[in-house]
Amino acid sequence: MTRECAVLLPRVCAALAEPRQLELDDTSLEKLLDWFRSLTWFDPTVELVQNNPCLTELITSVLALPDPSPGILSFTLQLAGILASSESRFQHLQQEKLLERLFGQQGPRGGAAWEDASVRSGWVKGVHSMVQHQPALHLLCSSGGMEVIFALQGDSSLFVASSASQLLVHMLTFSLECETSKALSAKDFDWPACAQMIVKHIEESLQSSSASHIEQSLKLLSSLFGSCFGSCYAAWTEVLWLDIAKQIESFLLEETVRAQPVLASLLLNVARSPVFCGSEGSFWALVTSALEHLTPVQACPLAVGLLKLCKCPQDVRIQALTVLLQPMDCILRAASQPLECAGLLDESVSDPVTVESLLSSKTSCAGLLCQTLAHLEKLLSLKHLRVDLPCVSLLHSLVTILQFCNGFLSPASPLGSAISRNLINCFRVQKSALDVLAALSENRDCDTLIGNLFDVLLAYMQSPNTNPTVLKKTFQATSKWLVHLQELSSSSSQTEKILEDVFVVLQKRLCSPCWEVRDSSLEFLTAMVKCLRDQKEFRQCLLSSEVLRLTENLLEDPESYVRASAVTAVGHLAPITCFAPEAPVTGNPYNKESIVAKLQEILSTDSEGFPRRAVISIFTKWLREGCTGQLEDTEQFVSRVIQTVEHDLDWEVRLGGLELVEAFCSQTVGQLAQCPYAPISSADSSTPQKELLQVLCRAKLFGFLFGSLCDCDKPVGQRACDVLVGLRGHFYPVSTLENPQEIEDSPAGRGIAWLQRTLRQGSLAQNFPKDGGDGVDFQDPESMLLALGAIDLLELHDELNKSSDHVEESPQSLLQDILAIVGTIEDNDVDCY
């Protein structure tokens, strides 16, 4: 603790103990507690309390108040717990008889203040902080604290109940840490005293007639096995499980037990324990039973979790996959005539009638399918799935779901008709199905259904009833399947026909009155260009359609999001239409000069930031891909862009300008330097290095870079400094700076000294002249070489990268603010930030 904080702390403690003090906000008190946590974490000795008696005086004063505010009482409980986290400070507070009065029967838990949830929460948090040593455990066990924690598991405040459960997990785990690593068996062991109380409480609650007590204990067990307990205490884990396994099995068979959803979570957490990695034993039989008896909604999360486990037995894994696929299997069977389609599964784990009834119900159909589809999408994203998914049948099922949703399928079976009615225009299911469809695009076994798949996707793109969000998902899935189509050895005529149909729909959608549709259509076009630009059929369909003209027209769309997406689309189309050798000649309305001029106009005149950001991003992309021509042309292009960008009010546009400069510097170095990494001195500069400096100065980059160091938006200054540090490393060895005396003696020395002083002022100098000031010529190569060598850019880099709260959120500032809030500090002492 600093001397300044030690001086302020007694005044803060006195203010907090004042019964009439103004109510502090929770944020200030939480920050104060965080500070004490950091102090006690690094120093477990008793000196913190001994050297600052105001802390114990605060606790004593609050306890003496007849009616302390709940916030201050909660704060005091937490503070005492933090201070008592080390055994030496615990004993010191015990001698003062403070801990009994706070956490024992004499404390708040027996009074009216206990009715406030914040006080109960503060008590639990204080205990949690304190229980880091055996004496704290003994205090709780001997003072009736354990019964209080057990009761708080069912607290009306969910936050308090959750905290109490976490505390019990911590106490059980901590109580085992003190045990020696002796061999344990189910018949010959003893739980430590505290752990024994918790385990006994769990067993009694599981056998009680109270549904809420059963559920609380199951949640506690789930948290316990989900923590490090199940991994670090294998023998204890096995013993605990053997004690409760029979009871858990009975819950699975009792339909009256409310806590069946918690059972799935519990079993999954137990399955993750190394104790049950083997394929033998009764545990996996219990998991199999759970997959059979839990409802499909309850069993799905368990099934997915099992499929992700590395050491789950293969027969259990197959059974879990069967549970997950049952709704998809039911969809296929319901959509077909009797015996026409066998579905996905040869047999079901549980009664298929259960799934059929859920899908037949309007209230449960969409929920079950969305849950199933979300799980399937996660599984498809895994790199190593230890069970084979029937991807062809799954794709068939997805197509069927999408046909049900848009009314294109009229099944003959009663179940199919019911499902169709439930799913018609169901946006939730459509979006989920399209997500899974997109994830399936990387599978190589689905080629036989390509035609049916694109028929459905095109139908969704064409239908006026397709929701804009669903349309966007359709576009995303289509772009992925077009890439897959490109990789197939199918006939080019099929590919060309599909692409022609896609472009016909796209032309229509680009003219939609709904701006979201126009926007997602442009995003779809950009995605296709990125993936298919080298495909002959794609280029032919693109150039023969009206898409290019419509896209260019959307550069003037009234909606800024659409203009930004149009800029991005045009930027990606340009390498095909403008910059390629076979691009249209000058005079064609879609030519290089026309497009560059339009984008530059948007950059300089658009009233919204999104299109301007898109333009600078596209210009940087073009530069990196070498689309801007020879060096002389690029130099003029960059110079014009920078002169526009440096005055932009949007900091992200200015930041984009610095990324453009960085790309230009990297490209220029690569073109001019004989050895890009060879440093040189100002006294012996080679011709390529001189030419590099001249290029950068002619493009007026240094004024922009040095000016950006003082930008009022820190990310801009940080990026500018990164670029200058990179340039300095190119011209000078890493550890070499120019001699300050030599700088003063040089013609440009005074200007460089002014520049260095100005940069140290930071954002206060944000208006300094970028075109020269006090003798600084930002377009003079020798001056700029001298500036790069003289200014300590690495020191400036460290300053810019300091967190903005390194002063404002210091403990001293926090203490001053608290005193200011309670009105016990002079105005000129306050650090108002």
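Colleague: What makes helix H10 (residues 145–152) largely enclosed by the rest of the structure?

Modeller: In H10, 6 of the 8 residues are buried, so the helix counts as largely enclosed; buried means under 20% relative accessible area, exposed means over 50%, and partly exposed lies in between (1.4 Å probe, protein chains only). The buried residues are Gly145, Met146, Val148, Ile149, Phe150 and Leu152. This is a predicted model, in which local features need pLDDT of at least 70 and side-chain atom pairs count only at pLDDT 80 or more, while totals for chains, interfaces and linings use all residues. Residues are numbered from 1 along each chain as its sequence is written, and side-chain values use heavy atoms, with hydrogens and water left out.

Colleague: Which helices are included in what covers the buried residues of H10?

Modeller: The cover includes helix H8 (117–130), helix H9 (134–142), helix H11 (158–177), helix H12 (193–206) and helix H13 (211–226). Helices here are DSSP runs of H or I with at least four residues, strands are runs of E with at least two, and both are numbered from the N terminus. By that rule the protein chain has 44 helices and 0 strands.

Colleague: Is Phe150 buried or exposed, and how do you know?

Modeller: Phe150, which is found in helix H10, has a relative accessibility of 12% and therefore counts as buried. Leaving aside neighbours within four places in sequence, Phe150 is in contact with Leu168, Met197, Ile198, His201 and Gln216, where contact means heavy atoms within 4.5 Å. Phe150 and His201 are 51 residues apart in sequence, with their C-alpha atoms 7.9 Å apart.

Colleague: And what can be said of Leu32, in helix H2 (residues 26–42)?

Modeller: With a relative accessible area of 1%, Leu32 is buried. Apart from neighbours within four places in sequence, the residues in contact with Leu32 are Val12, Leu16, Phe75, Leu814, Leu815 and Ile818. Leu814 is 782 residues from Leu32 in sequence, yet the C-alpha distance between the two is 7.4 Å. For the protein chain as a whole, 71% of the contacts between residues at least 6 apart in sequence join residues at least 24 apart, and 54% of the 833 residues count as buried.

Colleague: Why are H35 (residues 651–672) and H38 (residues 714–731) described by the angle of their axes, and what is that angle?

Modeller: The axes of H35 and H38 cross at roughly 10° and come within 9 Å, and the two helices are therefore roughly parallel to each other. Axes are lines fitted to C-alpha atoms, for helices over the stretch in contact, with angles from 0 to 180 degrees between N-to-C directions; under 35 degrees counts as roughly parallel, over 145 as roughly antiparallel, 65 to 115 as roughly perpendicular and the rest as oblique. Residues that make the contact include Trp651, Leu655 and Leu658 of H35 and Val716, Val723 and Leu727 of H38. The contact residues divide into 11 nonpolar, 1 polar and 4 charged, with Ala, Val, Leu, Ile, Met, Phe, Trp, Tyr, Cys and Pro taken as nonpolar, Asp, Glu, Lys and Arg as charged, and the others, Gly among them, as polar.

Colleague: How many aromatic pairs does a search of the whole structure find?

Modeller: The search finds 14 aromatic pairs. Rings of Phe, Tyr and Trp (its six-membered ring) pair if their centres lie within 6.5 Å, and planes under 30 degrees apart count as stacked, over 60 as edge-to-face and the rest as tilted.

Colleague: What makes the pair of Trp515 and Tyr561 stacked?

Modeller: The ring centres of Trp515 and Tyr561 are 5.5 Å apart and the planes lie at 15°, so the pair is stacked. Trp515 lies in helix H28 (residues 515–532) and Tyr561 in helix H31 (residues 560–577), so the pair ties together parts that are 46 residues apart in sequence. Trp515, at 30% relative accessibility, counts as partly exposed, and Tyr561 is partly exposed with 39%.

Colleague: What is the geometry of the pair formed by Phe619 and Phe637?

Modeller: The pair of Phe619 and Phe637 is edge-to-face, with 4.9 Å from centre to centre and 75° between the planes. The pair links Phe619 in helix H33 (residues 609–624) with Phe637 in helix H34 (residues 631–645), 18 residues apart. Phe619 and Phe637 are both buried.
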